[in-house]
Structures are given as C-alpha cells and as structure tokens.
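Q: Please take a close look at the pockets of this model. What lines them, and how do the linings divide by class?

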Amino acid sequence: MASDNLHYYAHPFARRTSVGVNVGGVIVGGDAPVVVQSMTNTDTADIDGTVAQVAALHHAGSELVRITVDRDESAAAVPKIRERLERIGLNVPLIGDFHYIGHKLLSDHPACAEALAKYRINPGNVGFKDKKDKQFAEIIEMAIRYNKPVRIGVNWGSLDQELLTTLMDRNQAEGAPLTAQEVMREAIIQSALISADLAEEIGLPRDKIILSAKVSQVQDLIAVYAELAKRCDHALHLGLTEAGMGTKGIVASSAAMGILLQQGIGDTIRISLTPEPNGDRTREVQVSQELLQVMGFRQFIPIVAACPGCGRTTSTVFQELAQTIQNDIRTNMPIWREKYPGVEGLSVAVMGCIVNGPGESKHADIGISLPGTGETPSAPVFVDGKKVATLRGPAIADDFQKMVADYIENRYGLGAKKPEAAE
C-alpha cells in the first residue's frame, strides 16, 4: 500500500507534458530542462545598481532575471538597463514585474515594453471591480503587440477577493463540504485558469502563457500545484512565496519544490529567500541550482562530496580543503563554463579518514582521503578510480588543489581528449 503513495519515486526524471514558452531565447516548459530564475531587489530606476545585480545573478547562474517595474522612472530605466547589459555582453532575458498600473506603464513606455522578454502580472491586483478585466486585457494586448510571453502569477497574499468570496459563499450554500483552506486553494487555482482562458480569448497563444500559484506554506504549495498541473498543460513557474530567511527558507522551499519536481511538476523555479541585511542576493540562485542538481535534473557546477566528520576527524584540514575547493569552483565557474565545456559534470571528493575515504574518493573523478585522528599523516589521491599519488607534509591542501586544476585542464581543456572520444 505504501508503494501506491510513493509511486513517483520510480520515475525521478519524468516530466509532465507542458507547452514550451520562448522567453527571450530561453525555453520554459515542453521538453526543456527546468529553468532557474531570480529577482533583483534594487530600485530599478537605479540603473547602475540594477545592472550590477542582474549581472551578478546571471553570472551566478540565473537564466532569467525579474525586475520591478512599479512607476514611470523604473519603466524608463528598463531599456537603458537592457542596453547596458548588452554592451557588456550579457543577454540575460529580463522579466518585468507589474502590479496595479502595469497597463499604464506599458502603454506610456513602449521602449520598456519592447526591451522586456516577458511580463509578469498578478490577476489579484491588475485592476479592481469593473476595471479589472479591461486593464488585464490592455496588458495582454500589449504582449500580443510586442510578441511577449506573460506569466500570470497568482499569489495568496493578493488573491482576487471577489472570486474567493464567491467560492466561500457557494461552499457555505452547499453545506460547507470543503474547509476554508481548501476553498482558498481552489480560488488560487481558478484565478490562474480563468485568467489564462481570458488571455487566450483575447488572442495570446498558449505558448506565450506561463502560470504560477504561489503560497507560503509547504503543504498548500504541494496541493495547489498538484491540482493545477492536472487541470492544464501550461508551463508552470514554481516558487514558495515568503519562504523566509536562511535555513528556514531553504528547507521550506526545497521540501515543497522537491516533491513537486519529483512528480514532474514545474518548468522554471525561483527560491525566494529573504537575504540578510546587505546580504548576497545570488544565494537564491545557488540554492535553486543545488536543488535541481542533487535531484539529478541538471548539472551546473562540479559536485564536491565531503564527509560530515566524526570523532576520527578532529582535525579541520579536510573541512577547510572541502570549503576551499567548493569556493574555488563557484568563483571560477563563469569562466570555466566557456573555457572547459562539460566541467559541470566533474565530481570531487574530500574525505576525512580511512573508513570511507578511499572508497568515496575512488567513486569521484578526483578525490583525496585525508588522514584522520591518529592515522599516518599521508593522503592518497585517486583519479578516475585509480590511486595516482600520496600526498604528505604541510602542503597537502595546496598540492591537491593544484591536482584538481590540472585534472580540469587535462580533461576539459580545449585541446584535451574527451572521455567519450577515448578508445
């Protein structure tokens, strides 16, 4: 019986069928891999600051970057930001995030409408009462005019209250078969689907529509997206809104999205982390990549395997070496992607003692087993499963780091003989 509830684990790479959407050259949905995106937290009117953050997010691996377009000054800045990015060789697609007055900003700033690769609108605040459908239609018509896709992004914090009230009243009239939470989930799903249907009626093709339905609780997100995926074949943007700071935000987002991705639900993701004051915005990109990579959906950077440490590893040498190698990889990846094609598939092991160290090191492309407490001060190094050297002395860490660099050059360098071409 338990296997019935866990059947999806048998198909970890199965993707549900969705319509592919071209977002500035990046395909979201269809047979494309899950796309990583992020969002700036700069004032978009600050062109220098926004360009710098978009560049940092893109270098970290964000394939799409969303920016706030909330007033005339920010709308006027968008084409300048696009131009500046292109000038420094960055063609990352920019997504405009519109609320309340998106219809007016797109109409008043045609250069902004043209420069953006996609518009994101929220049916809960695109307009109110008799203005809602009219202003929604104006944005969709602009998207059609400029040949841009649209993400219709429902958020439980700004859910269409008229729709929610209607469903609540209907549920009450039927004897309240659903809980208030279940009605809210249904309202979120219906808001997305009704808006998507309206966009298609206006003339926006299905391959120009992406849907999202964000909530802030793990079980709600799983339930909402699982049901949404059953009812449509639209490409879906996945994210837990207001996930929080630090480990809480990482754990909550990974728990919710990991389950959905395992079921083939989700075509593009964002890990919405609250950064520390003046913290690194690229952290959310790193977590998104790591989630997809550890689940086996994509490869972004070489994996560094390291043991957790125990009473046999009272020295901090292996921890420091693992951290150094990991930091070195992240720092160099923007360059390595161009210089060493395929390097993201590299696996490195930094182990702390003789118990599992040699075995784990043999499984990696290149690995080292450092001496544990009381062990002989020597460290065997394994390359492609074979022991190639034994390092000793105070420079073990530096020597191994150089061996990793040499391995990358020899295996992935432009003149290197690739493993698949070997006899």
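A: The pockets are taken in turn below.

This is a predicted model, where local features need pLDDT of at least 70, side-chain atom pairs count only at pLDDT 80 or more, and totals for chains, interfaces and linings use all residues. Residues are numbered from 1 along each chain as its sequence is written, and side-chain values use heavy atoms, with hydrogens and water left out.

The largest pocket has a volume of about 270 Å³. A pocket here is an open set of points on a 1 Å grid over the protein atoms alone, where a 1.4 Å probe fits, with protein on both sides within 12 Å along at least five of seven lines. Volume is the space filled by probe spheres set on the points, which are joined across faces, edges and corners.

Lining residues have an atom within 4 Å of a point. For the largest pocket they include His58, His59, Arg298, Phe300 and Arg337. Two elements each give two or more residues: α2 (47-60) and α12 (317-339). Helices are DSSP runs of H or I, at least four residues, numbered from the N terminus. The largest share, three residues, comes from α12. By class, this lining has two nonpolar, five polar and four charged residues. Ala, Val, Leu, Ile, Met, Phe, Trp, Tyr, Cys and Pro count as nonpolar, Asp, Glu, Lys and Arg as charged, and the others, Gly among them, as polar.

The second largest pocket holds about 220 Å³. Among its lining residues are Pro123, Lys132, Phe136, Asp160 and Leu198. Here α6 (132-146) and α8 (180-202) each give two or more residues. The largest share, four residues, is from α8. This lining divides into six nonpolar, two polar and three charged residues.
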